[in-house]
Amino acid sequence: MKKSMKKRITAIVLLVGLLLTLTACHGKQKSVSFAVPDHFDDTTPIEIVFWAKNDTNRTQVEVYRQAIEGFQKLYPNVTVNMRLYTDYSRIYNDVITNISTDTTPNVCITYPDHIATYLTGADTVTPLDDLMADPRFGLGGSEVRFDAPKQEEIVPEFLQECRIGDRLYAMPYMRSTEALYVNEDYVKALGYELPDVMTWDFIWEVSEKAMEQDENGVFRVNGQKVLIPFIYKSTDNMMISMLKQLNAPYSTDDGEILIFNDTTRSLLEEIFTHGKSRAFSTFAISSYPGNFLNAGQCIFAIDSTAGATWMGSDAPMLDIHKEQVVQFHTKVMPIPQFNPEEPKMISQGPSVCVFSKKNSQEVLASWLFVQYLLTNEIQMGYAETEGYLPVTLKAQNSAEYQDYLGRKGEDNKTHYSIKIEASELLMKHTADTFVTPVFNGSASLRSAAGQLIENTVKGARRKQEMNDAFITKLYTEVESLYRLDQIGKAAEKTEEGDAEKRPLAAESVVLLTLIPCIWAVILLYKLWQKKKTRRND
Amino acid sequence: MKNKKVLILLLAIIAVVAIVMSGCSKKTEEAAKDAKQTVEEAAEKAEEKAEEVKETVEEKVEEVKETVEEKVEEAKETVEEKVEEAKETVEEAAEALKVLSYDEYVKAEMDSAVTIEAYVQGNQSWYDGKIKLYLQDENHGAYFAYDLPCTEEDAAKLAVPGTKIRLSGVKSEWSGEVEILDGTYEILEGSFIAEPEDVTALLGKDELINHMNEKVSFKGLKVAPSKVEGKEEEYAFLYAWDGSGSNESNSDLYFNVELDGNVYNFCVESYLCGNDTEVYKAVEGLKVGDTIDCEGFLYWYNGANPHITGVTVK
């Protein structure tokens, strides 16, 4: 009896185990763990291709070059060939094109949203978990030839952002958030004092108040004929942040699209009224917020902290003629909030991934180069070109970086106060940052979020009416433009285990065949047992 | 004796019954009286109520009548308004579809729907299902179509210089550049390639803006030095506006030209003329002090920002 029970338990455990394995297999990304080589081959020449992104900033390019030079000195048999981009979407498109021809770069600056799409190809991006944990070549490993950060020295929030499912597919490289750059003089001139935490109500109210003009069409607050009180650079982020602050639906982790809801509608209705009065506009419709801010033609400009060097009267980077610049006091604040008690702002900025290659030494060299990008010198060098924040605590807490922060405002270049304040903003609010769920199609959903705002503002400017018909048309157009219906369906089908759309992997097919067989064996065994018992009786 | 008792008992019962019956009769009469009175009162009340109901109904009927009349009037007004609106919409739509002359286009309000006919003079590369077109008509009317959605197949047709199109979209402005957004197009019969207009004399003058987007030429310019922030070296041109680009990255080229002591910044937009074009190579070969003639499209970005398509060293 005891033996029989034991057998039955074993059979059930086996079955449950098999089922669990099957569940784990289904719908997972097609990636294979990378087997870390037992040594680094420093005798054979290795070439790695690095696709980098810079903000059309010469100093950033110099930092990349320094990184390559420094790395090649330590690993003389490795040559790093860099290709520069100034646009993430171009990198994204080029990677997708190159996946099909198996000519992806080795190392690439990217976003997790993009990696989720890359992962739809078989074994494209190398999971970094094993590499990171390797005692020899992992983060700060014994055989790494430079002072790399250890895992615990990477800001945990930023590292977590690079996980897709249960695997780490990238390392954070730089982080930024969005900041509100305010012409404080104009706010005061309109009879207001800036609140400790900016709210959406405040920003809309002051923006509308600023629209007062004299009989000649000159705005009273700035004495000019041009004024857009509030400009938001990234409308993707604007919609995402607003929804997050309201705890409103956006998408599920699995990729179910939830953005077309009543909260979104009410936000669009509000935005419509300010688009109609021209108190609000966007980068896509009007141009860079910084240009209007610096010309005294904007009061509230929201842009990345990584764009801080373009903000303010004394900005080291200028995109307008010097004579157009107006003197004013710039205040750097977190973006407006719905609930000042619980501020929420987006975490953004480049990450870096390693593409899978047949030659494991090539992959190892790529990983080592990625680690080199996390060293203090490179982290601080790059972060200081803009209002970025180093992604390692090792760099953030270093004496050099603290000295850099402490010298805020000493000059209008390296220590430009607005830039350092922007970095400090993220440092102070790291715990208040969030990212959106990453899945194949999440990049499209991001764009769609922004498109809803862009089309709403355009509609308002083009004298359309905000009503049910407008919203229905808007939702339909945006859903179709970004093929969100297909993403939604894919997510649904994944949940339902739709085998038609996503053929099962071979191992899953084998397991599925095995399960009924095991049940059959169990049943036969039970029948045989009964028969035996009767015979004995 | 026994019979006597029975008889007495019987008589007694009859007597009791008679007395009771007599009492009842009296009560019935009283009840009948009461009932009559009640009925009369009820009848009076019912009459009063009926009168009240009649009045109420009449009032209500009057009210409903008034409401219906008001509603009819309102509906009539709404219908008239809607008809008027529809009429305006139709007129606006008709206006939007009306092909505007360049002068009419210039006068059209920003964010209004416009339709123009012009010939393609140049294009920026097709990307993400969209193309940017430099357009011009026979009368120097020049336009810029921003991110015109089209198929790759159509992009190849649109990229042929001289191709005539009818373009409907919305007139907009971005950093000073007046352009047509959200357009739809139809390829028409006909071809025209504009000759560049010499606007050298207008460099630095306000009138230059009247030639926005036009195919223009500048003659007898001297290549002036460009510098990279923080460096002393002088260059004849820079890859990207601050020198951060490279040929391999197909970066835009920026170079300075001098005329009558004033310096102007010109650009080779790499999506218009990439690193494999003659003009890109010609600019890469420039030296500070060279005298050159240039032609290109008078693009605008916070001021004149000519997109150069041809350079001749004198």
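Start with the salt bridges: over all chains of this predicted model, the structure holds 35 of them. For a local example, select A:Lys188 and A:Glu184, whose side chains meet in a salt bridge at 4.0 Å, N to O. Both belong to helix H7 of chain A, residues 184-189, and because they are four residues apart in that helix, about one helical turn separates them.

**The interface of chain A and chain B**

Next, colour the two chains separately and look across the interface, where six salt bridges are found. One to display joins the side chains of A:Lys413 and B:Glu229, with an N to O distance of 2.7 Å. Polar contacts across the interface of chain A and chain B amount to 18 residue pairs, both residues being at pLDDT 80 or more.

Now select the helices of chain A that take part. H2 (58-74), H3 (88-100), H11 (283-286) and H18 (442-461) of chain A each supply at least two residues of the side that touches chain B. H11(A) gives the most to that side, with four residues. Sorted by class, the side of chain A that touches chain B has nine nonpolar, nine polar and 10 charged residues.

Show the full contact set: 28 residues come from chain A and 23 residues from chain B. The size of an interface is often given as the accessible area lost when the parts come together. Here the area buried between chain A and chain B is about 2100 Å², and carbon and sulfur atoms give 39% of it. Which residues of chain A lose the most area to chain B? Select A:Arg58, A:Arg90 and A:Arg462, which together account for 34% of what that side buries.

**A five-stranded sheet in chain A, S10 to S12**

Hide chain B and select the open sheet of five strands in chain A with the order S10-S9-S11-S8-S12, whose pairing is mixed. Strands S10 (280-282) and S12 (330-334) of chain A stand at the edges; each has a single partner strand, so one side of each is left without a neighbour in the sheet. On average, neighbouring strands of this sheet are turned by 25° against each other, direction ignored.

Zoom in on S9 of chain A, residues 230-232, which pairs with S10(A) in the parallel sense over three bridges. Within this pairing, A:Tyr232 stands opposite A:Thr282 of S10(A). Then add helix H17 of chain A, residues 417-428: this helix packs on the sheet and touches S8 (178-183) and S12 of chain A. The direction of H17 makes about 15° with that of S12(A).

**A second sheet in chain A, S2 to S6**

Move to another open sheet of five strands in chain A, with the order S2-S1-S3-S14-S6 and again mixed pairing. Which strands stand at its edges? They are S2 (78-85) and S6 (171-172) of chain A, each with a single partner strand, so one side of each is left without a neighbour in the sheet.

At the S6 end, S6(A) pairs with S14 of chain A, residues 351-354, in the antiparallel sense over two bridges. A:Met171 stands opposite A:Val352 in S14(A).

Two helices are worth adding to this view. H2(A), already seen among the helices that touch chain B, lies across S1 (46-53), S2 and S3 (107-110) of chain A and runs at about 170° to S2(A). Helix H13 of chain A, residues 360-372, packs on the sheet and touches S1, S2, S3, S6 and S14 of chain A. The direction of H13 makes about 40° with that of S1(A).

**Strands of chain B**

Finally, bring chain B back and select its strand S1, residues 113-127. Seven bridges join S1 to S4 of chain B, residues 163-174, and the two run antiparallel. One bridge to mark is that of B:Ala113, whose partner in S4(B) is B:Val170.

S1(B) also pairs with S2 of chain B, residues 130-136, in the antiparallel sense over six bridges. In S2(B), B:Tyr134 stands opposite B:Gly122. S1(B) and S2(B) form a hairpin with two residues between them. Select B:Asp128 in the turn, where phi is positive at about 55°.

Notes
Residues numbered from 1 in each chain as written. Chains lettered and ligands numbered in written order. Predicted model: local features only at pLDDT ≥ 70, side-chain atom pairs only at ≥ 80, totals over all residues. Heavy atoms only, no water. Pairing = 2+ DSSP bridges. Axes fitted to C-alpha atoms, helices over the stretch in contact; angles between N-to-C directions. Contact = heavy atoms within 4.5 Å. Buried area = accessible area lost by both parts, 1.4 Å probe. Polar contact = N/O pair within 3.5 Å; in protein donor to acceptor, adjacent residues only side chain to side chain. Nonpolar A, V, L, I, M, F, W, Y, C, P; charged D, E, K, R; others polar.
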